[in-house]
Amino acid sequence: MREPRFLLAAVRNIVSLCRLSSDAPIVVGGAGFSIFPVAALRYLEADMGVCGEGEVAFPLLLDTLERGGDLSVIAGLCVPGQPVQHGCAERASLDGLPMPSPAFWRVPEGEEHDLWIPLQNRRGCPMKCSYCSTPALEGTLIRKHPVEAVVETIGRHAACGFDRFYFVDNTFNFPPDYAKALCRGIVNAGLKIRWRCILYPAFLDRELARLMAERGCAGVSLGFGSGEEKVLHRLNKGV
């Protein structure tokens, strides 16, 4: 916060380098892009972008490009000079989506002690706080990876030497039963890990706090909007 940087300048440089090396279409996406897709695409000078979640839309885009098909049917596609097609891309059930593989990580030598593997176990938030982009990006319906799949993913990472994780779910403790089941799954699998998460203050009880502490939680992030009731009301924040 003390030294803010405009991150898209570096991305535009990457796009330019890709352009010099290949004539393949350049597709951009992600959370930041999805908030300002038209302006970001214009600035980055890429060929197109996917607004919203890309697990379904991006493979469909690749298949359509390969077949020379009609791109206008792809929801969430953004092309230069036009609005996003059909709103955001499809928000798929997480049951059928794969969890990340430890093979994707390349740790620079000497930086191992700073690495916390980010994992997202659920998407969506029904809170609708006025300042938050999560409902626009992920929807208000909570979608969850099965606890067994999350624990198995942690185990595969642990077997490769990764033992610290950051659960980047917008509200780790909502729903509470899912969070408690995940804590129990970690210890039942015999995983010796440390982890961090983001908590919503209204859904933390003693049982969950105890489970988190016993199962390796090393720190939490808590957000507090204001101590003034009028401000909280305008933020649509209930705590």
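This report describes a four-stranded sheet, a helix that lies across part of it, and the surroundings of one arginine in a predicted model.

## The open sheet

Four strands make up an open sheet, and their order is E4-E7-E8-E9. The pairing between these strands is parallel. Strand E4, residues 117–119, and strand E9, residues 217–222, stand at the edges. Each of these two has a single partner strand, so one side of each is left without a neighbour in the sheet. From one strand to the next, the twist averages 20 degrees.

## The pairing of E4 and E7

Strand E7 comprises residues 164–167 and pairs with E4 in the parallel sense. Three bridges join E4 and E7. In one bridge, Ile 117 has Phe 165 of E7 as its partner.

Helix H6, formed by residues 147–159, lies across both E4 and E7. The helix runs at about 150 degrees to E7.

## The surroundings of Arg 143

Arg 143 belongs to strand E6, which covers residues 143–144. Is this residue buried or exposed? Arg 143 has a relative accessible area of 9%; because buried means under 20%, Arg 143 is classed as buried.

The side chain of Arg 143 reaches the backbone oxygen of Ala 92 at a distance of 2.7 Å. Ala 92 is also one of the residues in contact with Arg 143 when neighbours within four places in sequence are left aside. On that basis, the other contacts of Arg 143 are Glu 53, Arg 91, Leu 94, Asn 121, Arg 122, Arg 123 and Glu 138.

How values were computed. Residues are numbered from 1 along each chain as its sequence is written. This is a predicted model: local features need pLDDT of at least 70, side-chain atom pairs count only at pLDDT 80 or more; totals for chains, interfaces and linings use all residues. Side-chain values use heavy atoms; hydrogens and water are left out. Buried means under 20% relative accessible area, exposed over 50%, partly exposed in between (1.4 Å probe, protein chains only). A polar contact is a pair of N or O atoms within 3.5 Å; within protein, one must be able to donate a hydrogen and the other to accept it, and residues adjacent in sequence count only if both atoms are side-chain atoms. Contact means heavy atoms within 4.5 Å. Two strands pair if DSSP finds at least two bridges between them. Axes are lines fitted to C-alpha atoms, for helices over the stretch in contact, and angles run from 0 to 180 degrees between N-to-C directions.
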